[in-house]
Amino acid sequence: MRILYLCADFGIPVRGFKGASVHVREVASALTQLGHEVAILTPKVGEGNEVRARLIPVPAPPLAPALERGLRLIGKPFGSGKRLAREARELVYNRTMSRAATAFAADWPADCVYERYALFGLAGAEVAKRLGVPHILEVNAPLRLERQRAAGLALEWPARWLERSIFGGADRVLCVSDAMADYVRARGAPSERVEVQPNAVDVDRFWPDDRAPDLRARLGYAPGDVVIGFTGSLKPWHGVESLVEAVAHLRDDLPQARLLIVGDGPARATIERAMAEWRVEDITTLAGKVAHADIPAYLAAMDITVAPYGETPNFYFSPLKIFEYMAAGRPVVASRLGQIAEILDDKETGLLYPPGDVAALAARLRALTSHPSLRSELGMRGANKARAQYTWTSVGERITAMIHAETAKRSAPRGRSGRRDHLPDTHQPPQTPDLR
């Protein structure tokens, strides 16, 4: 099949280092490896990683200067001038993406539109309607709520209406967690169209490997050091500063403990301050951004891996790092939150602790640092579970099955009434505007 993959989120550079960027690439790669042709249309190509799919840049044109000035003036009294201009640009981009995707599909007939949900993103539904093909929507986060909390929304009511329209109009909605599925059902998506698909891992690249002596040496580790590691974007909700504090609690009785942090982001300064406060700069390495293809080597250099999320109400994440930690055969210590407690079996494939409890985190790190055999047992059981249940190949197969099912519905014979026989459809999705 030919799959037109729309990723219209301005904040996701497809070749970039974010977890969202990795997710786009891995889904596209899985579909490609199954024999499908995949074309990704995006406003932000980015750089730093390879993509196993055709990548089509669709740049976002700037707003007309007069319009942008007007929007800023309108919103200024309410403190929302910049937000209003930004949101207007996102709305206008629907027309740009819709036209570009339709034009591309004229020479590259697609069998499906697969879309990563973007705030204000109407283009996928419109393009699928024009092409007469299924529209599969992937929802990874409650973007309206995230934007509202982080920066505020000038167009809050339109965003709420469009969210309901987008969720309700898709043929299938694929959500990364049960919490996310509950969210989309509560906001217009028919239950029978919503499915949960956790994130996954490429088990051909991530597999148990203890052969990283060169990297460990370059990072300055001695043979007897026990390396406690974290990988991912340094965002406040990842709780890395709590990991810094927990490692500080180990240094008196476990001087071999070391901390390796792989990634970069807005919380880096906070983490550096925590390192200074807890006096662990000498045993902590901040590796910075690392290409995703090199992450397996960094995991092989670690002895223990951590996902130290703090208290997070309505935790909807499906953390990529946990699947990669497991597949690499590394014991995982993680907060007992949301889907994490479903992925990791406490004391079987990892160790869980109450989110935000630094003493409990330190206790679990102490147990693993002191007992190599426990590290090995947890790591191998986690690797076996990842390979059995959480592969990108299985995700690609599930998406393929969805597309085939929706395509079959469209080709089913119609009865005298003009409706497809034996395919009841009582749901009438909200109407979306024509973007031509």
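Buried here means under 20% relative accessible area, exposed means over 50%, and partly exposed lies in between, using a 1.4 Å probe and protein chains only. Helices (H or I, at least four residues) and strands (E, at least two) are DSSP runs, numbered from the N terminus.

The model is predicted, so local features need pLDDT of at least 70 and side-chain atom pairs count only at pLDDT 80 or more, while totals for chains, interfaces and linings use all residues. Residues are numbered from 1 along each chain as its sequence is written, and side-chain values use heavy atoms, with hydrogens and water left out.

**Stop 1: helix α14**

Select residues 358-370, which make up helix α14. From first C-alpha to last, this helix of 13 residues reaches 18 Å, close to the 18 Å expected at 1.5 Å a residue. The expected span is 1.5 Å times one less than the number of residues.

Now colour V358, A360, L361, A362, L365, L368 and T369, which are buried. To see what covers them, add the elements β8 (226-231), α9 (240-248), β11 (304-307), β12 (332-335), β13 (351-353) and α15 (372-389), which are included in that cover. Contact, here and below, means heavy atoms within 4.5 Å.

Next, select D357, which caps the N-terminal end of α14. One of its side-chain oxygens lies 3.3 Å from the backbone nitrogen of A359. A polar contact is a pair of N or O atoms within 3.5 Å; within protein, one must be able to donate a hydrogen and the other to accept it, and residues adjacent in sequence count only if both atoms are side-chain atoms.

**Stop 2: S242 in α9**

Move to S242, in helix α9. S242 counts as buried because its relative accessibility is 15%. A polar atom of its side chain lies 2.5 Å from the backbone oxygen of G239. Leaving aside neighbours within four places in sequence, S242 is in contact with P308, V358 and L361. Two of these partners, V358 and L361, are among the buried residues of α14.

**Stop 3: helix α10**

Select residues 268-277, helix α10. Which of its residues are buried? They are I271, A274 and M275. Seen down the axis of α10, these fall within an arc of 100°, so they line one face of the helix. The arc is taken over the directions from the helix axis to the C-beta atoms. An α-helix has 3.6 residues a turn, so residues three or four places apart point the same way.

Turn to the face away from the buried side: it carries the exposed residues R273 and E277. The buried residues of α10 pack against α9, β9 (257-262) and β10 (284-288). Just after α10, select R279, which takes a positive phi of about 55°.

**Stop 4: D303**

Select D303, in the loop between α11 (295-300) and β11. Is D303 buried or exposed? It is buried, because its relative accessible area is 19%. Its side chain makes a polar contact with the side chain of R216, at 3.2 Å. A polar atom of the D303 side chain also lies 2.7 Å from the backbone nitrogen of V227. Not counting residues up to four places away in sequence, D303 touches R216, D225, V226, V227, R330, P331 and R375.

**Stop 5: strands β4 and β5**

Select residues 135-139, strand β5, where five of five residues are buried. Both faces are covered, with H135, L137 and V139 on one side and I136 and E138 on the other. Add strand β4 (residues 112-116), which pairs with β5 in the parallel sense over four bridges. Two strands pair if DSSP finds at least two bridges between them. R116 stands opposite E138 in β5.

**Stop 6: E90 in α3**

Select E90, in helix α3 (residues 81-107). At 10% relative accessibility, E90 counts as buried. The side chains of E90 and R147 make a polar contact at 2.7 Å. Leaving aside neighbours within four places in sequence, E90 is in contact with F10, F120 and R147. Now add G229, which is 139 residues from E90 along the chain; their C-alpha atoms are separated by 37 Å.

**Stop 7: the cysteines**

How many disulfides are there? With a disulfide taken as a pair of cysteine sulfur atoms within 2.5 Å, the count comes to zero. Select C112: the nearest cysteine sulfur, that of C7, is 15 Å away. Then select C175, whose nearest cysteine sulfur, that of C112, is 16 Å away. C112 is buried at 0% relative accessibility, and C175 is buried with a relative accessible area of 0%.
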